[in-house]
Amino acid sequence: MVRLFALSVFFKGASEARLLKTTSDLQSFSFFQRGTVNEFMTFASKTIVERTQPALRQSVKQDAYMCHVYVRADNLAGVLIADHEYPHRVAHTLITKILDDFAAKVSAEQWPNGTEATIAFDSLPAFLAKYQDPKEADPITKMQTDLDETKIILKNTIESVLERGEKLEDMVTKSEQLSMQSKAFYKTAKKTNSCCSFA
Amino acid sequence: MDDVMNVDFNNEKKVLCEKIIRDINAVFLKDADLSSFEIIPKETNCNKSPVVHVDHNLGLESWCAQHVYDHAHRTLISHRRQTMQQQLRTLQQQQQSDALAKYLNVALLINPDVTTFWHIRRQLVQKNRLSINKELQFSALVLSIKPKSNEAFAYRRWLYSFQSADAIDWPHEISICERAADRCSSNYHAWSHRQWVLQNAPCLLLSELMRTEKFIRKHISDYSSYHYRQVLLGRAYELCFYMPDESQPQWASLRELLAQYQLNCSEPAGPDAEPLLQLLLPNLNRSSISAQRLRSFLYCCNVAASDMRLCAEQRALYGARDCFELHRRASLKFIVEQCVRLLTGLASGPGLYLAPASGTQSNELRKFDYDSHPFLVAVRRLEFQLGDKHRRWCNMHLNFGHHEQGGN
């Protein structure tokens, strides 16, 4: 399957990453999983942004998903969650493009204190829908010829992005973004190793 | 004392399970359009009903699933034993079978693999205690939690055997297959079921050709879908299918493919089939072959040629993958095989994509002179440049090697 699940824009502040805008397409998940999956996608996106240096690109593999992240030198960051088959190069091209669009529409003063409610930038859903087919990105790929694929750092799990001494399970337990229900979901999914496990 | 408490506890559990099963049954009665069922991971009883019903989706919290299943299972098995031991009076049987349905629903949703339970359902359908339409809905619901359930697909086929083919909503059946195949890759049961639908409803050929192309574009490494498309194309050819439409540029993909093999059929791409046929089937004895057969030949080869181009495009976008390579081969094989069959007069043979020619056919093929055929010579020359492995495949499956090795 070639599929995009979620797209979000963050500002990477000194202590934590701030979510500015996000959208997701979770039709392929069963109905009662969607809320939880959404929470986990945002949680994972934030976690990875916080652990990515500015001016760096990473693609982090986790279960059946691939989190592509790019933090610009000015600390504006984009995360695209896709499945394994979505071409990495296209994913990073798209992040670059969406961050350019974002920066052009929303002035940099708003980034450090912005929230989803205050930021006026509504093109993420249309963007996510359009580029479900990576072919649609052909024209952009041709324009951005400077993206060097060899500079994208590939990581095999979220754990390998974490700092020394950090553990994903502890982070899930401590997290304030995740609801009780999602934490229960995570525990059960981990135990049964079912396909709905996200983080 | 302990025993008494145990009995109490068991009774309490039984009452609770009965209540949950009743709740689920109430949802079934209330909502005729349930579209999905799932088990929601939740480890503790929070003192509210574990049956969740939102927007035609039904959920059951995981903490009670095992107990509820055990209870339903026990009830069903003991009932079965009873009916087998003593022939109950018909009236009694009927009353019981109505009560059975709710246990069957719950048990099969939680564990769709128990053939016995599906069998009890069949018996109830035969006694007119369950309606066929409701049963179709129920099996679709089971497929929402287990898209690979062969039992559910088999049950649907069995239910349809009571209906006349023109009363069946085949497009709906296709969409059920597609949803199941989308949820689970390599879903053998869904694709087999779809083949069964295709056998029964040949009117779907064109829409299927379009749908499957869309599907393989999205599910790039699910070879089951490519395989179904190969079967589909074979079926289309078998049924002499073609599009009567003259307006669009005719056989564009096929012309493009021939150009890639450096063959010139370029007399301006008009609607005339002659130059194409001359190239693919030179010196064909037309007297034995109908015009429809030739039109279908061109149409199907054009589909195969466009698939070969699709595989090349996908490869450029996603990198090399087995599926692209294998499907390209299957499509090429289709074209070569149909050419050879028509030229040797084997057109009426059974299914396509046959194993390397066998028995009587191989004699015919042995006599067939590949070298006198410019299209096949060109295919051989260019395909042989694609590496040793591919060359061996060509020799074996396209019969290109038989004269080199003195027959294989």
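# Reading a two-chain predicted model

Author: Let's begin with chain B: of its 408 residues, 32% count as buried. This is a predicted model, in which local features need pLDDT of at least 70, side-chain atom pairs count only at pLDDT 80 or more, and totals for chains, interfaces and linings use all residues. Residues are numbered from 1 along each chain as its sequence is written, while chains are lettered from A and ligands numbered from 1 in the order in which they are written.

Reader: Thanks! What makes a residue buried, exposed or partly exposed?

Author: A residue is buried if 20 or more other C-beta atoms lie within 10 Å of its own, exposed if 12 or fewer, and partly exposed in between, with C-beta atoms placed from the backbone. For chain A, 38% of the 199 residues count as buried.

Reader: Which helices and strands does chain A have, and in what pattern?

Author: Helices (H or I, at least four residues) and strands (E, at least two) are DSSP runs, numbered from the N terminus. Chain A follows the pattern β-β-α-β-β-β-α-α-α-β-α-α along the sequence, which gives six helices and six strands. The radius of gyration of chain A is 16 Å, close to the 16 Å from the globule rule for 199 residues, so chain A is as compact as a globular protein of that length. That radius is taken over C-alpha atoms, and the rule is 2.2 Å times the number of residues to the power 0.38. The C-alpha trace of chain A spans about 45 × 35 × 30 Å along its principal axes.

Reader: Which residues of chain A does the "domain: Longin" annotation cover?

Author: The UniProt annotation, from an unreviewed entry, covers residues 9-128 of chain A. UniProt positions are given in the numbering used here, feature names are shortened, and annotations may be inferred rather than shown by experiment. Over residues 9-128, chain A is 33% helix and 28% strand, with the end C-alpha atoms 13 Å apart.

Reader: And chain B, how many helices and strands there?

Author: Chain B comes to 17 helices and three strands. Contacts are worth reading too: two residues are in contact if their C-beta atoms, placed from the backbone, lie within 7 Å. Among contacts in chain B between residues at least 6 apart in sequence, 63% join residues at least 24 apart; for chain A that share is 61%.

Reader: Which residues of chain B have a positive phi without being glycine?

Author: Two cases to look at are B:His56, with a phi of about 65°, and B:Gln262, with a phi of about 60°. B:His56 sits in the loop between β2 (51-54) and β3 (57-61) of chain B and is partly exposed, with 13 C-beta neighbours inside 10 Å. B:Gln262 sits in the loop between α11 (252-260) and α12 (274-280) of chain B and is exposed, with 9 other C-beta atoms within 10 Å.

Reader: Finally, how many residues of each chain are in contact with the other?

Author: 15 residues of chain B are in contact with 13 residues of chain A. On the chain B side, β1 (36-40), β3 and α13 (291-318) each give two or more residues, and β1(B) provides the largest share, three residues. By class, that side has five nonpolar, six polar and four charged residues. Here Ala, Val, Leu, Ile, Met, Phe, Trp, Tyr, Cys and Pro count as nonpolar, Asp, Glu, Lys and Arg as charged, and the others, Gly among them, as polar.
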